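Dear colleague,

Please find the structure below, handed over for your records. I would be grateful if you could read the notes after it with the coordinates open.

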Amino acid sequence: MIRVAILISGGGSNMRALVEDMTGDHPCRPVLVASNDPAAAGLAWAARQGIATCAVDHRAYGGNRAGFEAALLEPILAAKPDIICLAGFMRILSADFIGHFAGRMLNIHPSLLPKYTGLHTHQRALAAGDAQAGCSVHEVIPELDAGPILGQARVAVLQGDTAETLSARVLAQEHRLYPQVLRRFAQGHRTRLDLP
Ligand code: GRF
């Protein structure tokens, strides 16, 4: 059984999609849901599924990123994960932290990378007048939102779209894409999955 730890910062809708897919003949099972926010709603949901959870409040560390990461790393390493999935995790992680999981840390990002790394992706796609938007799952490397792309899903940008309507349409595709990419990744596939 391949052990998966999932890091969240909020509602954890992507985490829920991953957890709900890790059943039956899926090679993976969730072993930990961790967050930088003790109030993250996804933690309560995960706990109700019987999944171990932990929270390390990054605000308790002020600007001490190394202290926060050391505190977060401890329960993650204790869970002995084989794969780490960042799912709506909103803290930038250092090269040291990522180095613990090199080649086995995934992230979902709400844009068609390499376009729009960073924040406010939907606003930027709208401002650019893009006809399409979407989401990407990529391997995490120290450079932000820049690792090898493992999958993408596209949506049309519609007349009258706002950042809210577009993000909702993209989020629905994230919930399709991430579980399929995790399955393939766990089975050793590294070729890109482009969802129709
Ligand atoms: C999603 O748009 C995801 O792409 C981004 O965070 C947002 C919320 O994710 N990384 P979730 O509902 O907490 O999974």
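The notes below describe the sheet, the helices that pack on it and the burial of one of them.

Please bear in mind that this is a predicted model.

The sheet is open and has 8 strands, in the order E3-E2-E1-E4-E5-E6-E7-E8, with mixed pairing. Its edges are formed by strand E3 (53–55) and strand E8 (193–195), each of which pairs on one side only. On average, and with direction ignored, neighbouring strands are turned by 20 degrees against each other. Within the sheet, strand E5 (residues 105–109) pairs with strand E6 (residues 132–139) in the antiparallel sense, over 4 bridges. In this pair, Ile108 stands opposite Val137 of E6.

Two helices that pack on the sheet deserve mention. Helix H1 (residues 13–21) touches strand E1 (2–8), strand E2 (28–35), strand E4 (83–86) and E5, and its direction makes about 165 degrees with that of E1. Helix H3 (residues 65–78) touches E1, E2, E3 and E4, and its direction makes about 160 degrees with that of E2.

Helix H1 is largely enclosed by the rest of the structure, because 7 of its 9 residues are buried. The buried residues of H1 are Ser13, Asn14, Met15, Ala17, Leu18, Val19 and Asp21. Their packing partners are the strands E1, E2, E4 and E5, together with helix H2 (41–48) and helix H6 (163–186).

With kind regards

Terms used:
Residues are numbered from 1 along each chain as its sequence is written. This is a predicted model: local features need pLDDT of at least 70, side-chain atom pairs count only at pLDDT 80 or more; totals for chains, interfaces and linings use all residues. Side-chain values use heavy atoms; hydrogens and water are left out. Two strands pair if DSSP finds at least two bridges between them. Axes are lines fitted to C-alpha atoms, for helices over the stretch in contact, and angles run from 0 to 180 degrees between N-to-C directions. Contact means heavy atoms within 4.5 Å. Buried means under 20% relative accessible area, exposed over 50%, partly exposed in between (1.4 Å probe, protein chains only).
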